[in-house]
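Student: Could you walk me through one part of this chain in detail? Please then link that part to the rest.

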Amino acid sequence: MTHSSRTWLWLVPLLLLVTWAASRELGTDYWYDEIRSLAVAGGAHLGPLSPAGIVTRISEGSPEQLVGYPLLLAGWGALVGWSEVAARWLPLLLGLLGLAWTYRLVADLASRRAGLWAVALLGASVYYSYFLHELRAFSLMGLATSFSLWIYWRLLHSRAPSRWAYAGLFMGGLTLAYTHYFAFPVLIGLGAYHLLWA
């Protein structure tokens, strides 16, 4: 058995365990912050809203939110519906993708074993597992952070970076910039690292 297949024998059960733990809370009632996310996205009986309507609702009633996650949530709800279970699959899927990209990032930076430990520690985090079933922007922010750091690392260590890699970095940064105000330190940190050491 190769080292790569042994890694998958550990990674897949870890991701399934995190999925099981988070999915137990998918059917609980929405709480206040989730209802605010639904209102801004025009979800359930509070919409539907056009993208311009979402921007207007944010600027008039929730200026602390950025437009990226509500637009994504509106598209998701239009596709799968607005029940608690259906809507909460979005943060769960985003969070699982964030864990997978965290593995890729740490495996490239250090080793596959370190990547497994990173997934285990992040998946066991109470905060991370909580946000896997909450209709807030934090799962998207985690995914965009791990992806942006990974693609930046790949660009730094590639002899001939492709246009797709540059486009990926641009999209990762754009997603961070339009997801949450707490994502700006990641962008500032990447920029500072690039200016000072890259």
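Tutor: Start with A44. Its relative accessible area is 35%, so A44 is partly exposed. The reason is simple: buried means under 20%, exposed means over 50%, and partly exposed is what falls in between. Keep in mind that this is a predicted model. Where is A44? It sits in the loop that joins α2 and α3. That loop is our part.

Look at the backbone of A44. Its phi is near 55°, a positive value, and A44 is not a glycine. Why remark on that? Because most residues other than glycine have a negative phi.

Next comes H45, in the loop between α2 and α3. Is H45 buried or exposed? Its relative accessible area is 72%, so H45 is exposed. Now find W82. H45 and W82 are 37 residues apart along the chain. Their C-alpha atoms are separated by 8.9 Å.

Move on to G47 and P48. The peptide bond that joins them is cis. Its omega is about 5°. That deserves a remark because most peptide bonds are trans. P48 belongs to the loop between α2 and α3, and α2 itself covers residues 32-41.

Now leave the loop at its far end. Helix α3 spans residues 51-61, and P51 lies in it. P51 has 54% relative accessibility, so P51 counts as exposed. Compare two distances for P51 and P70. In sequence they are 19 residues apart. In space they are 9.1 Å apart, C-alpha to C-alpha.

Sequence and space do not always tell one story. Take L16, in helix α1. L16 has 55% relative accessibility and so counts as exposed. L16 and G68 are 52 residues apart in sequence. In space, their C-alpha atoms are 28 Å apart.

Stay in helix α1, which also holds A22. Here the relative accessibility is 2%, so A22 counts as buried; the cut-off for buried is under 20%. What does A22 touch, beyond its neighbours within four places in sequence? Its contacts are L92, S129, L132 and H133. F131 is worth a look too. A22 and F131 are 109 residues apart in sequence, yet 8.7 Å apart in space, C-alpha to C-alpha.

Follow the contact from A22 to H133. H133 is in the loop between α7 (126-131) and α8 (138-156). This is a loop residue, but H133 is buried, with a relative accessible area of 11%. Leave out residues up to four places away in sequence, and H133 touches A22, E25, L26, E34, R88 and P91. Compare it with H45, another histidine in a loop: H45 is exposed, whereas H133 is buried.

Now go to helix α5, residues 84-109, and pick out T102. T102 has 13% relative accessibility, so T102 counts as buried. Its side chain reaches the backbone oxygen of G98 at 2.7 Å. Apart from neighbours within four places in sequence, T102 is in contact with A118, L122 and S146.

Next, the largest pocket. Its volume is about 260 Å³. Two elements give two or more residues to the lining: α1 (3-23) and α6 (112-124). The lining has ten residues, and those nearest the centre of the pocket are W10, R112, R113, L116 and W117. By type, the lining divides into five nonpolar, two polar and three charged residues.

Finally, step back to the chain. How many helices and strands does it have? There are ten helices and zero strands. The radius of gyration is 18 Å, close to the 16 Å that the globule rule gives for 198 residues, so the chain is as compact as a globular protein of that length. Along the principal axes, the C-alpha atoms fill a box of roughly 50 × 40 × 25 Å. Of the 198 residues, 40% are buried. Now take the contacts with a separation of 6 or more. Residues 24 or more positions apart account for 68% of them. One such pair is one you have already met: A22 and H133.

Definitions and conventions:
Residues numbered from 1 in each chain as written. Predicted model: local features only at pLDDT ≥ 70, side-chain atom pairs only at ≥ 80, totals over all residues. Heavy atoms only, no water. Helix = DSSP H or I, 4+ residues; strand = E, 2+ residues; numbered from the N terminus. Buried < 20%, exposed > 50% of the residue type's maximum accessible area, 1.4 Å probe, protein only. Polar contact = N/O pair within 3.5 Å; in protein donor to acceptor, adjacent residues only side chain to side chain. Contact = heavy atoms within 4.5 Å. 1 Å grid on protein atoms, 1.4 Å probe; cavity = no way out; pocket = protein on both sides within 12 Å on 5 of 7 lines; lining within 4 Å. Points joined across faces, edges and corners; volume = space filled by probe spheres on them. Nonpolar A, V, L, I, M, F, W, Y, C, P; charged D, E, K, R; others polar. Rg over C-alpha atoms; globule rule 2.2 N^0.38 Å.
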